[in-house]
There are 2 protein chains.
Amino acid sequence: MKEEKAESILNTAKKMFGRYGLQKTTLDEIARMARVAKATIYNYFGSKDRVYLEVLRREANEIVEKISFSVGQEVLPGDKVIAFARAKFQYMRQAINILNLDRDGIEKVLPKAESIRSELFEREVDIICSILEEGVKKGVFYLNNVPLAASAIGHALRGFELNWLVQENEEQIEYHLDELTNIIFYGLVSEKRSANA
Amino acid sequence: MKEEKAESILNTAKKMFGRYGLQKTTLDEIARMARVAKATIYNYFGSKDRVYLEVLRREANEIVEKISFSVGQEVLPGDKVIAFARAKFQYMRQAINILNLDRDGIEKVLPKAESIRSELFEREVDIICSILEEGVKKGVFYLNNVPLAASAIGHALRGFELNWLVQENEEQIEYHLDELTNIIFYGLVSEKRSANA
DNA sequence: TTTAGACTAATATCGTTTTTTAGTCTAAAA
DNA sequence: TTTTAGACTAAAAAACGATATTAGTCTAAA
């Protein structure tokens with residue numbers, strides 16, 4: 001029941017996979033770096049792929065967790081939307097392996113890995129969905145089809161996510177994201193505006 | 001001055017590159033399929049890369065042209081935004097090589113090719129920009145920073161573009177796109193709504 | 001339980017040979 | 001003049017076999 005062993009293995013694996021990728025990282029190296037026997041890794045995870053998938057799974061969970069926390073800090077649905085967007089982009093940075101996953105096009109990598117990626121997307125949409133639902137219930141948002149709207153916003157945010165991998169300047173992302181949330185709030189045709197940049 | 005030769009070469013090249021990619025397509029094949037001598041291709045284009053880049057350039061131009069036309073058909077700025085989104089996704093389908101370009105992650109391909117891709121993005125943003133500008137001038141859109149808003153919308157649409165490569169069902173895209181434009185118009189906080197799905 | 005380490009079978013790497021292909025050239029045909 | 005077929009070269013890619021790594025197993029000791 002030495003949980004710390006598994007912990008140590010996964011932390012090391014996360015770093016190594018993040019730096020060198022799935023192929024170029026060997027279990028012998030991970031074992032050496034994590035100061036455990038290779039057999040121990042097999043005891044816990046059974047295969048190299050499952051170590052990798054577990055790393056991805058934890059990254060996804062961590063992101064969802066952190067986003068949920070940030071959203072939970074806010075009270076007003078509007079603030080929650082903004083918190084969501086900010087948190088997502090801030091914490092995505094730490095999910096190196098998930099990030100590399102769609103930098104590499106996903107193709108060659110395990111199908112399971114892609115499903116974790118798309119599951120993350122759906123969980124994000126779920127969070128957006130519940131924010132929107134709350135907003136509608138409170139009478140501050142007006143939407144015909146909440147799940148559809150959530151999904152659309154989710155897709156829109158993906159555009160930033162993927163471009164951001166190339167773009168380096170964090171400020172640019174901030175600006176654009178602010179403008180997008182602004183539009184999402186008030187639309188193009190409303191006179192109401194939040195504080196301008 | 002036999003323009004038709006160049007035309008034939010480019011049409012054939014577009015098909016072959018689209019089907020087999022840059023690497024797996026040989027100039028000998030293109031020459032054979034286009035019923036011209038290989039030397040003729042070199043007369044016109046000078047190198048294989050330049051043939052490929054010319055194909056990309058034409059695809060980009062065609063898209064911009066078709067989008068501009070579709071947008072031009074509409075009078076109201078709101079309709080123009082919708083026309084833009086629809087046209088973009090409809091005609092992107094035909095730009096096979098540009099599409100493959102970011103399916104393959106762009107990495108391995110020529111740097112010039114990427115610049116054509118990002119140039120296309122900027123031209124699209126320019127179109128959106130002028131639509132928004134017109135809307136603001138006519139008093140139907142309200143925006144602090146038009147270019148920023150245009151860029152944000154452009155990024156948002158990229159999210160669909162990239163996801164759509166994986167998703168097969170065209171209808172889904174339609175639905176989501178409709179919802180997104182709806183949000184972009186009226187925002188989350190406005191009671192005004194267009195006809196619902 | 002964990003460990004070090006030996007072990008195997010599959011996979012990847014590497015260096016070499018062979019083939020393909022981008023790009024050039026020429027002389028004839030259009 | 002321009003285009004063509006085809007020969008040609010140099011460079012890159014594919015094929016291939018030999019070598020080395022590495023995923024995964026097993027064992028006996030700690």
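Let me start with Leu27(B), where a polar backbone atom lies 2.9 Å from a phosphate oxygen of DNA strand C, and please keep in mind throughout that what we are looking at is a predicted model. A backbone contact also comes from the other chain, since a backbone N or O atom of Ala37(A) is placed 3.3 Å from a phosphate oxygen of that strand, DNA strand C. On the side-chain end, Lys5(A) has an N or O atom 2.7 Å from a phosphate oxygen of DNA strand C.

Stepping back to the whole surface, 18 residues surround DNA strand C, and the closest are Lys5(A), Thr40(A), Lys38(B), Tyr42(B) and Lys48(B). If we then ask which part of the strand is being approached, sugar and phosphate make up 72% of the atoms of DNA strand C that come within 4 Å of the protein. Helix H3 (38-45) of chain A, along with helix H2 (27-34) and helix H3 (38-45) of chain B, each supply at least two residues of this surface, and the largest share, four residues, comes from H3(A). By class, the surface near DNA strand C has seven nonpolar, five polar and six charged residues.

Now to DNA strand D, around which there are 18 residues, with Lys38(A), Tyr42(A), Lys48(A), Lys5(B) and Thr40(B) coming nearest. Here 73% of the strand atoms within 4 Å of the protein belong to sugar or phosphate, and the rest to bases. As for individual contacts with phosphate oxygens of DNA strand D, a polar side-chain atom of Lys5(B) lies at 2.7 Å, an N or O atom in the side chain of Tyr42(A) at 3.1 Å, and a polar backbone atom of Ala37(B) at 3.4 Å. The residues near DNA strand D divide into seven nonpolar, four polar and seven charged.

Turning to the protein-protein interface, the contact takes 43 residues from chain B and 43 residues from chain A, and the two chains bury about 3800 Å² between them, 65% of it on carbon and sulfur atoms. On the chain B side, Tyr142(B), Leu188(B) and Val189(B) lose the most area to chain A, together 20% of what that side buries.

Finally, a packing detail within chain B: the axes of helix H6 (residues 96-103) and helix H7 (residues 111-137) come within 11 Å and cross at roughly 105 degrees, which makes H6(B) roughly perpendicular to H7(B). Ile98(B), Leu101(B) and Asp102(B) of H6(B) make this contact with Ala113(B), Arg117(B) and Leu120(B) of H7(B), and by class it has four nonpolar, no polar and two charged residues.

How values were computed. Residues numbered from 1 in each chain as written. Chains lettered and ligands numbered in written order. Predicted model: local features only at pLDDT ≥ 70, side-chain atom pairs only at ≥ 80, totals over all residues. Heavy atoms only, no water. Near = heavy atom within 4 Å. Polar contact = N/O pair within 3.5 Å; in protein donor to acceptor, adjacent residues only side chain to side chain. Nonpolar A, V, L, I, M, F, W, Y, C, P; charged D, E, K, R; others polar. Axes fitted to C-alpha atoms, helices over the stretch in contact; angles between N-to-C directions. Parallel < 35°, antiparallel > 145°, perpendicular 65-115°, else oblique. Contact = heavy atoms within 4.5 Å. Buried area = accessible area lost by both parts, 1.4 Å probe.
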